[in-house]
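Colleague: Please take a close look at the surroundings of the ligand in this entry. Which residues surround the ligand?

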Amino acid sequence: MSGKHFYVTTPIYYANDKPHIGHAYTTLLADVLARYHRLLGYEVFFLTGTDEHGQKVEQAARKRGVSPEEHVDEYHRRFKDLWQRLGIEYDYFIRTTDKDHISFVQKCLQELYDRGEIVLREYEGWYSVSEERFFQEDELVDGKDPIGHKPVEWISEKNYFFLMSKYREALIEHIEKHPDFILPQTRKNEVLGFLRQPLGDLCISRPRARLAWGIPLPFDADFVTYVWFDALLNYESAVVQRSYKDGTPLWPATYHLLGKDILTTHCVYWPTMLLALGHALPCHIFAHGWWLSQGAKQSKSSGNAVDPLGYMDLYGVDTVRYFLLRDMVPGQDASFSDEQFKERINSDLANDLGNALQRVHVFLARSLDGKVPRPPANAGTAEEALRAFTEDSIRKVMDLITSLRLSPALEAVAEMVRQVNRYLEKRAPWQVVRDPERKEELNTILYTAAEALRCALILLGPVMPAKVATGLAMLGVKTQPTLLDLAWGGLPSGAPVEPGGPLFPRIQSEAKKEESPAPDVLPAAQLDLRAGRIVEVDDHPSADKLYVLRVDLGSETRTIVAGLKAFRPEDLIERTCVAVANLKAARLRGVESHGMLLAVSLASGPELLSPGDAKPGAELSFQGVVRQPEKRLTVETLQAAKLEVRSGRVTGNGCDLLSGGKPVLFDAPDGTEVR
Ligand code: ME8
């Protein structure tokens, strides 16, 4: 990467249909990287656009009964409109029908032809209209093209060829010398594998008689340019006349971003074209995985494409931006489902970030006269720990961003927010506020939590620009530093906080809406979980498999009927346990049970959950979830709270269960049920 320069591109999308989530993802990735790099002090140029020539576009126009020119004039706007709605801030939108692009392509073609790098040959082969390329007989799968599985036709004609095969060795050498040229490494290995086979020459023309919609070859008016040869040159044609402020030309690009579907064209055709032209090669080519839906690649033709507009209309632009970047791990495929979308937004944004922000904001607004607190005179160990964690995380997130690992970067920010919630649970400002003598302590807690949230929000700025600006204003922050100046201590003491409501309302899934009495409350929030101590164990009078227990819950002793015959009575007596204290009373074989004890179901039998040191009666809660116990909890809501073990912790709706502020740990595989 050269100096503080950053030139990032997306593929230019075919102007033949409407964009879907896959197109939105690559463009969003470029937008977010561009924004991060601007905040890191880079001079940035971000290019996107539309691919407007070729058979696909010509056929789409014919189908609609319009000319190709009319078609692309109308269809390229669909991309521009979506980018505007999605908050994409590109620097230039290239169309391959632009005059400057056409003359650049013709100049390159003429140069290569004059140097004997392009020659006329007789050619026969299987041609796929959908992929716009020829395939060898042995490449076909069931007689169809191996990529889109569409029919192919046998074509025999004269055509111009770029002598690509000449550059095979030079390309292998370049890839091996520059280990970061093709990213991630799996894609690099794939390309090297491809290059180990003999490499053919590339047919770069189409007879005008068969396809008229393309850039005419400057040296033979009977032919137009193959759409890929035309399209790839956009990355250079868009910037030949441009340079950075210090006079350095923009080319070569820092990053080409694309999906793995167009790896070969970008990692073999394009670099060999540049080698033949004697132009510099891009610094990095990064190919991400596919967004899948119902297990298949999302595409217009499979009919499973998700329309990003629908999601933006329902849940807002920033949540869609967050989900797409958070849920695709760089290089791997990711699935898009309604349930996953809702779960992600509810857990990271509504429960964790939204909750932390709302809690701190409400305290600032109500208890500190609506002003940002002063830095604490004496920070305690909990404050120092949160500060150290935040500072470490800032460094970690910056490293992840500059290596394009946005999903882990967002996971690290989510962890920063979870730490704020843990800190708040531990320092319990809701108790401190009741004692006027502890005003200084309240100031310390709120300053520390607000400052940690400010840092997390600023790191999220490029992903959710509008929500972050509102969130920061709720903490009294109006001016945002660049990422270079982001350091602990920037909270503007004394500044007024702006009013603001919950930033990320919970999304209720349709299924849950019907079964849940309180549609806006997370099932886990509705549980009244308490530490208990078993004080009596009796056999059930009429059921062999049940005990009748008496459980001390602090202010009362409850009768609870439980299937714990795997234990001997002496193993249960005096044991601490976690009770669901608000479960609707139920008669079990004639004995009324007032609650339930939580146990982990292991293959070896049940194991009681322990609340640690908590005293009988102490309330347990879920990380980042405000307790709102239902009066008579139903078994359905208990099930909907999805109590299970994850990463050695007991969780409900994905949030850690806390006892005395500490996570309740349990050593069992992920997904082990707690009931
Ligand atoms: O290939 N998941 O255009 P195109 C993730 N015009 N990304 C996806 C995706 C999915 N399911 N579907 C599409 C072309 N994409 C050529 C490019 S460049 C010189 C010419 C994204 O409209 C991804 O970036 O078919 C993929 O590479 C691109 O859209 C293909 O867009």
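**The ligand and its surroundings**

Modeller: The domain assignment (bounds from an automatic or database assignment) divides the chain into domain 1 (5–288), domain 2 (331–486) and domain 3 (523–663). Between the centres of domain 1 and domain 3, taken over C-alpha atoms, there are 61 Å. This is a predicted model, in which local features need pLDDT of at least 70 and side-chain atom pairs count only at pLDDT 80 or more, while totals for chains, interfaces and linings use all residues. Residues are numbered from 1 along each chain as its sequence is written, and side-chain values use heavy atoms, with hydrogens and water left out.

The ligand is surrounded by 25 residues (a heavy atom within 4 Å), and I12, T26, D51, D261 and W291 are the closest. By class, this shell holds 12 nonpolar, 10 polar and 3 charged residues, with Gly counted as polar and Cys, Tyr and Pro among the nonpolar. At least two shell residues each come from β1 (5–14), α1 (21–39), α7 (227–232), α8 (234–237) and β12 (255–259); these are DSSP runs numbered from the N terminus, with at least four residues (H or I) for helices and at least two (E) for strands. Of the elements, β1 gives the most to the shell, 4 residues.

Three polar contacts (N or O pairs within 3.5 Å) add detail. T26, one of the closest residues, has a polar side-chain atom 2.7 Å from an oxygen atom of the ligand. W291, also listed there, places a backbone N or O atom 2.8 Å from a ligand nitrogen atom. For G22, a backbone N or O atom lies 3.4 Å from a nitrogen atom of the ligand. The ligand taken alone exposes 680 Å², of which the protein buries 96% (Shrake-Rupley areas, 1.4 Å probe).

For comparison, the second largest pocket can be described in the same terms. Its lining is divided into 4 nonpolar, 11 polar and 18 charged residues. At least two lining residues each are supplied by α11 (317–327), α12 (338–367), α14 (406–427), β28 (649–652) and β29 (655–659). The largest share of this lining, 10 residues, comes from α12. Domain 2 (331–486) and domain 3 (523–663) both give residues to the lining, so the second largest pocket lies between them. A pocket here is an open set of points on a 1 Å grid over the protein atoms alone, where a 1.4 Å probe fits, with protein on both sides within 12 Å along at least five of seven lines; lining residues have an atom within 4 Å of a point.

Notes. Polar contact = N/O pair within 3.5 Å; in protein donor to acceptor, adjacent residues only side chain to side chain.
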